[in-house]
Amino acid sequence: MTYKAWTEGGNLQSVRHDYVDGPNGAVSMPAKVSGASWNIREDGGHAPRIKVVPTGKAVAHCLLKEGDDRVLDQQKGAAGQPVTCSAQR
């Protein structure tokens, strides 16, 4: 599964994503972000989720995509507001 975050008009302040970490099960981790875009491929498990917080008045976007490129969720936030994408599989 691909987790993707990006902003328009600013940068990413923070990204937190939920994924499956082997024997530990589902975990929620803050990502190391810099600039206006971030993405990673992880095992999303049954309930993948990503929360994106932009800097200033930037507009945040998030996307959850299956390995076959099928989009599970895509959202666009309001200016300066966090946005969350989630799915049940």
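# Reading the strands and residues of a predicted model

Guide: Welcome! Let's start with a pair of strands: β1 and β6 run antiparallel to each other and are joined by seven bridges. Please keep in mind that this is a predicted model.

Visitor: Thanks! Which residue is the bridge partner of T2 in β6?

Guide: T2 is matched with K65 there.

Visitor: What order do the strands take in the open sheet that holds β1 and β6?

Guide: Four strands make up that open sheet, and the order is β4-β1-β6-β7, with antiparallel pairing. At the edges stand β4 (37–41) and β7 (71–76); each has a single partner strand, so one side of each has no neighbour in the sheet. From one strand to the next, the twist averages 5 degrees.

Visitor: How many bridges join β1 to β4?

Guide: Five bridges link β1 and β4, in the antiparallel sense. Within this pair, you can find K4 opposite N39 of β4.

Visitor: And how many bridges join β6 to β7?

Guide: β6, which covers residues 59–65, is joined to β7 by five bridges, and these strands also run antiparallel. Look for L63 in this pair: its bridge partner in β7 is Q74.

Visitor: What is the strand order in the open sheet that contains β2?

Guide: That open sheet has four strands in the order β3-β2-β5-β8, and the pairing is antiparallel. Its edge strands are β3 and β8 (83–86), each pairing on one side only. Neighbouring strands here are turned against each other by 10 degrees on average, with direction ignored.

Visitor: Where should I look to see β2 and its partners?

Guide: Try β5 (residues 49–54), which pairs with β2 in the antiparallel sense over six bridges. There, L12 stands opposite P54 of β5. Then turn to β3: five bridges connect β2 and β3, again antiparallel, and V20 has A26 as its bridge partner in β3.

Visitor: How many residues lie between β2 and β3 in their hairpin?

Guide: Five residues separate the two strands of the hairpin, and in the turn G22 has a positive phi of about 45 degrees.

Visitor: Which residue has a positive phi although it is not a glycine?

Guide: That is D69, with a phi of about 75 degrees. You will find D69 in the loop between β6 and β7. D69 counts as exposed because its relative accessibility is 54%, and the cut-off for exposed is over 50%.

Visitor: Is T7 buried or exposed?

Guide: Buried, because the relative accessible area of T7 is 10%, and buried means under 20%. T7 belongs to strand β1 (residues 2–8). Leaving aside residues up to four places away in sequence, T7 touches L12, A36, P54, A58, V59 and A60. Two of these names came up earlier, when we saw L12 opposite P54.

Visitor: Which backbone oxygen does the side chain of T7 reach?

Guide: The side chain of T7 reaches the backbone oxygen of G10, at 2.7 Å.

Visitor: How far apart are G25 and T7 in space?

Guide: Going from C-alpha to C-alpha, G25 and T7 are 30 Å apart, while in sequence they are 18 residues apart. G25 sits in the loop between β2 (12–20) and β3 (26–30). At 22% relative accessibility, G25 is partly exposed. Not counting residues up to four places away in sequence, G25 touches Y19 and V20.

Visitor: Which side chain makes a polar contact with the side chain of H61?

Guide: The partner is E8, and the contact between the two side chains is 2.5 Å. H61 lies in strand β6 and is buried, with a relative accessible area of 9%. Beyond residues up to four places away in sequence, H61 touches several others, among them K4, W6, V52 and Q75.

Visitor: What sits over the ring of W6?

Guide: The charged end of K4 does, 5.4 Å from the centre of the ring.

Visitor: How would I describe a pair of aromatic rings?

Guide: Such a pair is described by how far apart the centres are and by the angle between the planes. In this structure, a search of the whole model finds zero aromatic pairs.

Conventions:
Residues are numbered from 1 along each chain as its sequence is written. This is a predicted model: local features need pLDDT of at least 70, side-chain atom pairs count only at pLDDT 80 or more; totals for chains, interfaces and linings use all residues. Side-chain values use heavy atoms; hydrogens and water are left out. Buried means under 20% relative accessible area, exposed over 50%, partly exposed in between (1.4 Å probe, protein chains only). A polar contact is a pair of N or O atoms within 3.5 Å; within protein, one must be able to donate a hydrogen and the other to accept it, and residues adjacent in sequence count only if both atoms are side-chain atoms. Contact means heavy atoms within 4.5 Å. Rings of Phe, Tyr and Trp (its six-membered ring) pair if their centres lie within 6.5 Å; planes under 30 degrees apart count as stacked, over 60 as edge-to-face and the rest as tilted. A charge sits over a ring if NZ of Lys or CZ of Arg is within 6 Å of the ring centre and within 35 degrees of the ring normal. Two strands pair if DSSP finds at least two bridges between them. Axes are lines fitted to C-alpha atoms, for helices over the stretch in contact, and angles run from 0 to 180 degrees between N-to-C directions.
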